[in-house]
Amino acid sequence: MPALAFQASLLDCGPSVEIGRLGSTVGRRQLTDGAWIDLRPRWITGADTLFERLHSGVAWHAERRPMYDRVVDVPRLLSFFDEDAPLPDPALIEAKRALDEHYEGELGERFATAGLCLYRDGRDSVAWHGDRIGRGSTEDTMVALIVLGAPRALLLRPRSGAGKTIRHDLGHGDLLVMGGSCQRTWEHAVPKTARPVGPRISVQFRPSGVR
């Protein structure tokens, strides 16, 4: 894979990667229509080291998808680890264990899959959407996002159009969890930006049957 111009944080590029505590360090924000988000800034210490390991060690691939009357390139690189697939780094195994321990009682099950996205620069993005393929279209669920690398804006807005857009600039090991009805009643996006930004990796943990 070609080298990317990644500007590491001095606080996050140490040799070790450590998963932080959750519990009372997690802040919850109630949204509308039964949706909520949890935020835990800088959950992963050594996050930029983990970014480099995943960037070089994961088998990234490009995808093309139909859109209206044509087929277009997906503007990011992808890698998906299904329920029985081993995760690509010990730190992600530990992160999943911590997420399961914290959220299993509320979710009613453990996280099952991991989707990874590599945003190479500001031209890579993800359009407004909710994870509504499968159970997410009819049931409350959770999606846990770990963001590594350069901070980018994650936007959330109500699907109804009533209400303000919420912005969180996530990177360098931040954790954001979307829960309740968030996938059905809200949408989220990572917009393109003309600003010079470095690469970003998003890791999405989901329960079984949610995409």
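Which side chain of opposite charge is nearest to the buried Asp174, and how far away is it? I should like to open with that residue and then work outwards through the sheets, the helices and the charged pairs. Please bear in mind that we are looking at a predicted model.

Asp174 belongs to strand 13, which covers residues 174-180. The residue is buried, yet it has no salt bridge. The nearest side chain of opposite charge is that of Arg42, at 4.3 Å. The cut-off for a salt bridge is 4 Å between nitrogen and carboxyl oxygen, so the pair does not qualify. The backbone of Arg42 does offer a partner, however: its nitrogen lies 2.7 Å from a polar atom of the Asp174 side chain. Beyond four places in sequence, Asp174 touches Arg40, Pro41, Arg42 and Trp43, then Leu145, Ile146 and Val147, and also Asp169.

Let me now place strand 13 in its sheet. This is an open sheet of 7 strands with antiparallel pairing, and its order is 2-3-13-10-15-8-7. Strand 2, residues 27-30, and strand 7, residues 77-81, are the edge strands; each has a single partner, so one side of each is left without a neighbour in the sheet. From one strand to the next, the twist averages 20°. Within this sheet, strand 13 pairs with strand 10 through 5 bridges, again in the antiparallel sense. As an example to locate on the screen, Val177 in strand 13 stands opposite Ala144.

Two helices lie across strands of this sheet. Helix 1 crosses strand 8, strand 10 and strand 15, and runs at about 95° to strand 10. Helix 2 lies across strand 2, strand 3, strand 10, strand 13 and strand 15, with an angle of about 45° to strand 15.

Which residues of helix 1 are buried? Within residues 47-57, they are Ala47, Asp48, Thr49, Leu50, Phe51, Leu54 and His55. In an α-helix, residues three or four places apart point the same way, because there are 3.6 residues a turn. The cover over the buried residues of helix 1 includes strand 4 and helix 2, together with strand 8, strand 10 and strand 15.

There is also a sheet of 4 strands. It is open and antiparallel, in the order 9-14-11-12. Its edges are strand 9, residues 126-129, and strand 12, residues 166-170; as each has a single partner strand, one side of each is left without a neighbour in the sheet. Here the twist averages 15° from one strand to the next. Strand 11, residues 152-158, and strand 12 are antiparallel and joined by 5 bridges. One residue to note in strand 12 is Arg167, the bridge partner of Leu155. Arg167 also forms a salt bridge with Asp169, with the closest N and O atoms 2.9 Å apart. Asp169, which we met among the contacts of Asp174, is partly exposed, with a relative accessible area of 46%.

A second buried aspartate deserves attention. Asp131 sits in the loop between strand 9 and strand 10, and its relative accessibility of 4% counts as buried. Its side chain makes a polar contact of 2.9 Å with that of Arg206. Apart from neighbours within four places in sequence, the residues in contact with Asp131 are Gly136, Val143, Gln183, His188, Arg206, Val210 and Arg211.

I turn finally to the charged pairs more broadly. Side chains of opposite charge can pair when their charged atoms come close. The model contains 17 salt bridges. One of them joins Arg110 and Asp100, at 3.8 Å from N to O. Arg110 is in the loop between helix 2 and strand 8, while Asp100 is in helix 2, so this pair ties together parts that are 10 residues apart in sequence. Asp100 is buried, with a relative accessible area of 3%, whereas Arg110 is partly exposed at 47%.

Arg110 meets Glu104 as well, in a salt bridge of 3.4 Å from N to O. Glu104 counts as partly exposed, at 32% relative accessibility. Which residues make up the network of salt bridges here? Lys96, Asp100, Glu104 and Arg110 are linked in it.

To close, I return to the opening residue. Asp174 is buried without a salt bridge, and the backbone nitrogen of Arg42 lies 2.7 Å from a polar atom of its side chain. Thank you.

Definitions and conventions:
Residues are numbered from 1 along each chain as its sequence is written. This is a predicted model: local features need pLDDT of at least 70, side-chain atom pairs count only at pLDDT 80 or more; totals for chains, interfaces and linings use all residues. Side-chain values use heavy atoms; hydrogens and water are left out. Buried means under 20% relative accessible area, exposed over 50%, partly exposed in between (1.4 Å probe, protein chains only). Contact means heavy atoms within 4.5 Å. Two strands pair if DSSP finds at least two bridges between them. Axes are lines fitted to C-alpha atoms, for helices over the stretch in contact, and angles run from 0 to 180 degrees between N-to-C directions. A polar contact is a pair of N or O atoms within 3.5 Å; within protein, one must be able to donate a hydrogen and the other to accept it, and residues adjacent in sequence count only if both atoms are side-chain atoms. Lys and Arg count as positive and Asp and Glu as negative; His and the chain ends are not counted.
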